[in-house]
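Okay, thanks for coming, everyone. I'll put the structure up and then walk through it helix by helix, with a few stops at the loops and the charged pairs.

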Amino acid sequence: MNITEKQKKLVKKYLKKSYTEIYQLLLDLDDKITEIGFDENYDINEEGILLQRLYDDLYYQNSEI
């Protein structure tokens, strides 16, 4: 799994655990974005933007070209 130290810190902060499988990490990250990433009007908030960017970066870093 390709993940930077900065990304690992964000994962631990928001998901409270470490991962060895990118698939499970992305699933849990998606759940967290849904849980805290939107305001009362269902607009993405700052945490949602941060976590979506993390999701996208991890996805592309770990996808095979």
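Let's start with a single residue: in which helix does Leu10 lie? Leu10 is in α1. Before I go on, keep in mind that this is a predicted model. Leaving out residues up to four places away in sequence, Leu10 touches Leu50 and Leu54. If you like a distance to check on your own screen, take the C-alpha atoms of Leu10 and Glu35: the two residues are 25 apart along the chain, and those atoms are separated by 16 Å.

While we're on α1, look at Lys12, which is also in that helix. Lys12 is partly exposed, at 49% relative accessibility. Not counting residues up to four places away in sequence, Lys12 touches Lys17 and Ser18.

On to α2, residues 22–36. How far apart are the end C-alpha atoms of α2? They are 21 Å apart, and that agrees with the 21 Å that 15 residues should span at 1.5 Å a residue. The buried residues of α2 are Leu25, Leu26, Asp28, Leu29, Lys32 and Ile33. Looking down the helix axis, you find them within an arc of 165°, so they line one face of α2. On the other side of α2 you get exposed residues, Tyr23, Thr34 and Glu35. And the cover over the buried residues of α2 includes α1 and α3.

That list of buried residues has a lysine and an aspartate in it, so let me cite the cut-off: buried means under 20% relative accessible area. Lys32 has 17%, and Asp28 has 17% as well. What is Lys32 in contact with, leaving aside neighbours within four places in sequence? The contacts are Tyr14, Leu15, Gly37 and Leu51.

Now α3, residues 46–62. This helix has 17 residues and reaches 24 Å from first C-alpha to last, close to the 24 Å expected at 1.5 Å a residue. Which residues of α3 are buried? They are Gly48, Leu51, Leu54 and Leu58. They cover an arc of only 130° around the axis, which puts them on the same side of α3. The face turned away from that buried side carries Glu46, Arg53 and Tyr60, which are exposed. Among what covers the buried residues of α3 are α1 and α2.

Right, charges. How many salt bridges does the count come to? Three.

One of them is between Glu5 and Lys8, with the closest N and O atoms 3.3 Å apart. Both residues are in α1, three residues apart, so about one turn of the helix. Glu5 counts as exposed at 53% relative accessibility, while Lys8 is partly exposed at 36%.

Another joins Glu35 and Lys32, at 3.4 Å from N to O. These two are both in α2, again three residues apart, about one turn. Here the glutamate is exposed, with a relative accessible area of 55%, and its partner Lys32 is the buried lysine from before.

Then there's Asp28 with Lys17, at 4.0 Å from N to O. This pair links distant parts of the chain: Asp28 is in α2 and Lys17 is in the loop between α1 and α2, with their positions 11 residues apart in the numbering. Lys17 counts as partly exposed, at 40% relative accessibility.

Let's move to backbone angles. Most residues other than glycine have a negative phi. Lys16 has a positive phi of about 65° although it is not a glycine, and Tyr42 also has a positive phi of about 65° without being a glycine. Where do they lie? Lys16 is in the loop between α1 and α2, and Tyr42 is in the loop between α2 and α3. Buried or exposed? Lys16 counts as exposed at 67% relative accessibility, and Tyr42 counts as exposed at 70%.

Last stop, the surface. Which residues form the nonpolar patch there? Phe38, Ile44 and Ile49 do, with about 250 Å² of accessible area together. Phe38 is in the loop between α2 and α3, and at 37% relative accessible area Phe38 is partly exposed.

That's my tour. Questions?

Methods:
Residues are numbered from 1 along each chain as its sequence is written. This is a predicted model: local features need pLDDT of at least 70, side-chain atom pairs count only at pLDDT 80 or more; totals for chains, interfaces and linings use all residues. Side-chain values use heavy atoms; hydrogens and water are left out. Patches are made of residues with over 30% relative accessible area and no salt bridge: like charges are joined within 9 Å, nonpolar side chains (Val, Leu, Ile, Met, Phe, Trp, Tyr) within 5 Å. Accessible areas come from the Shrake-Rupley method with a 1.4 Å probe; for residues, only the protein chains shown count as cover. A salt bridge is a side-chain nitrogen of Lys or Arg within 4 Å of a carboxyl oxygen of Asp or Glu. Helices (H or I, at least four residues) and strands (E, at least two) are DSSP runs, numbered from the N terminus. Buried means under 20% relative accessible area, exposed over 50%, partly exposed in between (1.4 Å probe, protein chains only). The expected span of a helix is 1.5 Å times one less than its number of residues. The arc is that of the directions from the helix axis to the C-beta atoms. Contact means heavy atoms within 4.5 Å.
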